[in-house]
Amino acid sequence: MTLAERLRAELGAGAVIVDPDVTSSYEHDMMPLAPYGSPLAVVLPSSTAQVQAVVRTCAEFGVPIVPRGAGSGLSGAANAIDGCVMLVTSRMKEILEIDPDNRLAVVQPGIVNLEFRNAVEKHGLFYPPDPSSYDWCTIGGNISTNAGGLCCVKYGVTTDSVLGLEVVLADGEVLRTGRRTVKGVAGYDLTKLFIGSEGTLGVVTEITVALRPLPQAPGTTIASFSTIEAAGDAVTRIVREGLVPSLMEIMDATSIAAAEEYLKTELGTGKGCAALLLCQSDAGGEAARHELEVIEQVCRSAGADLAYTTHDLAEGQMLLQARRVVLTALEIYGTWLTDDMCVPRTRIAEMLAGCERISQECGLRIAVVGHAGDGNMHPTIVYDASSEDEFARARKAFDDILEVTLSLGGTITGEHGVGRIKKEWLEKEIGPVGMRVHRAIKNALDPGNLFNPGSMF
């Protein structure tokens with residue numbers, strides 16, 4: 001019996017795809033730089049038991065498995081390798097439990113982030129992680145790369161909202177990590193070990209998440225600056241004041257122009273705006289008003305040319321929409337290649353200046369948006385995909401940005417992951433001892449290198 005026949009026997013014919021015209025659509029995520037191959041088959045299990053069957057079958061046949069969610073990733077972490085089985089979790093999309101009294105929920109990995117957020121809102125609860133692709137990315141994929149989002153400054157990244165996991169290991173056994181209690185310190189923190197492991201240690205089949213009370217409708221402050229240094233100074237001062245807004249985003253002049261052209265509107269920043277700071281507070285009532293008043297005053301004292309606060313929800317959403325559409329807006333100019341790195345918040349202005357210098361050196365447009373509240377920046381390089389020369393320059397610019405990042409004491413990824421494009425950079429960041437420990441963990445849990453070989457390191 002062939003591998004495909006065995007898989008069909010375990011999952012049913014409709015859950016196993018071998019037609020190359022169909023499997024090709026599962027070959028890669030949204031990162032154009034990352035290499036990818038052609039899978040032998042795509043499987044779509046609908047239960048933990050079926051995932052176990054796939055893992056055991058592939059182990060028996062010596063065929064590697066690449067776990068995949070929606071394909072919204074930006075590091076190539078879910079890219080196929082030749083002859084692999086792509087294990088796609090999109091059919092495992094049930095909300096298994098919502099427990100309002102204990103403020104937790106249990107979900108399968110294929111549930112779309114926004115759908116889950118909407119479901120818990122009906123119970124007056126809130127799931128904080130909100131990647132920019134939250135309307136189509138899945139929580140399983142968010143687990144894989146430890147995704148973040150616009151609200152990280154207050155609520156943290158995915159791992160900060162996860163209580164426990166169910167994981168299928170390389171031998172087909174099921175591991176359950178974490179707990180359902182508020183506190184829990186027994187043993188190693190295996191939950192955090194698997195979060196951000198990019199499918200290299202096991203297949204996550206169930207996730208227990210912590211929920212929060214639904215926050216108040218946010219108020220919004222927008223401030224424009226004639227220099228990136230002034231904008232960076234404002235961020236530092238806001239942090240120094242002890243303020244923790246629910247959102248603090250930064251946009252450079254290139255991203256502002258792209259958003260305005262795409263939305264056919266002006267953000268009111270005026271000519272000569274080098275950077276725009278967007279802040280929100282979801283504290284509600286007088287607390288939110290006070291928080292945003294102080295932020296507005298801090299921005300003005302840091303040299304803002306304009307600072308404006310609104311508590312009108314629709315107006316605030318309109319302003320935030322300009323930040324959310326930047327990647328789509330950049331398609332006006334060509335193909336985009338977005339980077340993901342994080343620097344100390346006091347070095348944001350230097351990071352933006354470095355990206356501006358690299359843009360001039362490579363002769364390509366580079367737009368920078370980022371989560372200023374935690375220093376996670378997303379420089380996006382725009383190039384002509386039909387030009388080999390421009391692609392080569394874009395690739396070099398991508399690496400040059402990471403070089404600047406490390407020189408500023410930063411990290412090569414804040415939420416997109418290492419994947420297949422930053423493997424050499426991971427080694428530069430964590431060093432040979434760190435790499436040895438990574439490999440030791442991988443070898444202990446996956447001695448046959450079954451899961452996502454060639455990704456991360």
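This passage describes the fold, two sheets and selected side-chain arrangements of a predicted model.

The chain has 15 helices and 19 strands. Its radius of gyration is 22 Å, close to the 23 Å that the globule rule gives for 457 residues, so the chain is as compact as a globular protein of that length. Along the principal axes, the C-alpha atoms fill a box of roughly 70 × 60 × 45 Å. Burial was assessed over the whole chain. Of its 457 residues, 56% count as buried. Contacts were also sorted by separation in sequence. Among those between residues at least 6 apart, 73% join residues at least 24 apart.

One open sheet has 4 strands. Their order is β1-β2-β4-β3, and the pairing is mixed. Strands β1 (16–17) and β3 (65–68) form the edges, each pairing on one side only. Strands β2 (residues 41–43) and β4 (residues 85–88) run parallel. They are joined by 3 bridges. Within this pairing, Ala41 stands opposite Val85 in β4. Helix α3 (residues 48–61) lies across β2, β3 and β4. Its direction makes an angle of about 170° with that of β4.

Another open sheet has 5 strands, in the order β5-β6-β10-β8-β9. Here the pairing is antiparallel. The edge strands are β5 (95–99) and β9 (174–178), and each pairs on one side only. From one strand to the next, the twist averages 10°. In general, strands of a sheet pair through backbone hydrogen bonds, either parallel or antiparallel.

At one edge of this sheet, β5 runs antiparallel to strand β6 (residues 104–107), with 4 bridges between them. Glu97 stands opposite Val106 in β6. Helix α4 packs on the sheet and touches β5, β6 and β10. The direction of α4 makes about 35° with that of β5.

At the other edge, β8 and β9 pair in the antiparallel sense over 5 bridges. Val168 stands opposite Val174 in β9. The two strands, β8 and β9, form a hairpin with 5 residues between them. Gly172 lies in the turn and has a positive phi of about 90°. Helix α3 also meets this sheet. It lies across β8 (162–168), β9 and β10 (203–210), and runs at about 45° to β8. Helix α3 thus has contacts listed with β2, β3 and β4, and with β8, β9 and β10.

Aromatic side chains were examined next. A search of the whole structure finds 3 aromatic pairs. One of them is formed by Phe116 and Tyr127. The arrangement is edge-to-face, with 5.2 Å from centre to centre and 70° between the planes. The two residues are 11 apart, and the pair links distant parts of the chain. Phe116 belongs to helix α4 (residues 113–121). Tyr127 sits in the loop between β7 (125–126) and α5 (139–145). Both Phe116 and Tyr127 are buried. Helix α4, which holds Phe116, is also the helix that touches β5, β6 and β10.

Positively charged side chains lie over aromatic rings at two further sites. Arg365 lies over the face of Tyr333, at 3.7 Å from the ring centre. Lys428 lies over the face of Trp425, at 3.8 Å from the ring centre.

Backbone angles were also inspected. Asn146 is not a glycine, yet has a positive phi of about 55°. Asn146 is placed in the loop between α5 and α6 (152–155). Its relative accessible area is 18%, so Asn146 is buried, the limit being under 20%. Met456 is another residue other than glycine with a positive phi, near 75°. Met456 lies in the segment after α15 (423–445). At 7% relative accessibility, Met456 falls under the 20% limit and therefore counts as buried.

Terms used
Residues numbered from 1 in each chain as written. Predicted model: local features only at pLDDT ≥ 70, side-chain atom pairs only at ≥ 80, totals over all residues. Heavy atoms only, no water. Pairing = 2+ DSSP bridges. Contact = heavy atoms within 4.5 Å. Axes fitted to C-alpha atoms, helices over the stretch in contact; angles between N-to-C directions. Phe/Tyr/Trp six-rings, centres within 6.5 Å; stacked < 30°, edge-to-face > 60°. Buried < 20%, exposed > 50% of the residue type's maximum accessible area, 1.4 Å probe, protein only. Lys NZ or Arg CZ within 6 Å of the ring centre and 35° of its normal. Rg over C-alpha atoms; globule rule 2.2 N^0.38 Å.
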